[in-house]
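Here's a quick tour of a model, with an eye on its pocket and its aromatic side chains. Have a look at the structure first.

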Amino acid sequence: MIKREAVLFLFVGSTTVLTDLLCYNLLLWLNFSSINLAKGLGFLAGLAFSYAANKKLTFAHTQHEKGSLPRYLILYSITLVVNVIVNAIVLNSLQNWSKVVTFAFIIATGASASLNFLGMKFFVFRMKRVGKDP
């Protein structure tokens, strides 16, 4: 089951990352005032799509605990901060490199995506327990 979920998560995630990348680059092209805010807005652009697609496709179980949306928003709030911080660290560390924006984007996305999969699997879309523990 986790292999199927991982493959679907990668598919949904790829679409979400594409949304993030396009929004981020559009804001940079429009000379948006802050690169960090542009990065954050790009990340948030995929939020609604990611929630719906992962809920329906990736973790399509019949019995979830209630409250997945608030848990999703908590998880994404944390991973948004991680994404922007990692992006900023890479940008600052390699500022003289011509491909730094793309490289920083990839590293930040990888870090937040790893945390997102684990968080969705074990926190957001966790299964209801059947019966009570003794």
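What follows covers the largest pocket, then the aromatic contacts.

## The largest pocket

Keep in mind that this is a predicted model. Its largest pocket holds about 240 Å³ of space. There are 18 residues lining this pocket, and G13, V17, T109, A113 and N116 are the ones closest to its centre. Four helices each give two or more residues to the lining: α1 (2-29), α3 (47-58), α4 (68-93) and α5 (100-124). Helix α1 supplies the largest share, with eight residues.

What about the chemistry of that lining? By class, the lining splits into eight nonpolar residues, nine polar ones and one charged.

## Aromatic contacts

If you like rings, there's plenty to click through: the structure has nine aromatic pairs. Take F9 and F117, which meet edge-to-face, with 5.0 Å between ring centres and 65° between the planes. F9 belongs to helix α1 and F117 to helix α5, so this pair ties together parts that sit 108 residues apart in sequence.

Are these two rings' residues buried or exposed? F9 has a relative accessibility of 10%, so it counts as buried, the cut-off being under 20%. F117 is buried as well, at 14% relative accessible area.

Both F9 and F117 also belong to one aromatic cluster, together with F43, Y51, F59, Y72, Y76 and F125.

## A charge over a ring

One more ring to check out is that of Y24: the charged end of K39 sits over it, 5.5 Å from the ring centre.

Technical notes. Residues are numbered from 1 along each chain as its sequence is written. This is a predicted model: local features need pLDDT of at least 70, side-chain atom pairs count only at pLDDT 80 or more; totals for chains, interfaces and linings use all residues. Side-chain values use heavy atoms; hydrogens and water are left out. On a 1 Å grid over the protein atoms alone, a cavity is a set of points where a 1.4 Å probe fits but cannot get out, and a pocket is an open set with protein on both sides within 12 Å along at least five of seven lines; lining residues have an atom within 4 Å of a point. Grid points are joined across faces, edges and corners, and a volume is the space filled by probe spheres set on the points. Ala, Val, Leu, Ile, Met, Phe, Trp, Tyr, Cys and Pro count as nonpolar, Asp, Glu, Lys and Arg as charged, and the others, Gly among them, as polar. Rings of Phe, Tyr and Trp (its six-membered ring) pair if their centres lie within 6.5 Å; planes under 30 degrees apart count as stacked, over 60 as edge-to-face and the rest as tilted. Buried means under 20% relative accessible area, exposed over 50%, partly exposed in between (1.4 Å probe, protein chains only). A charge sits over a ring if NZ of Lys or CZ of Arg is within 6 Å of the ring centre and within 35 degrees of the ring normal.
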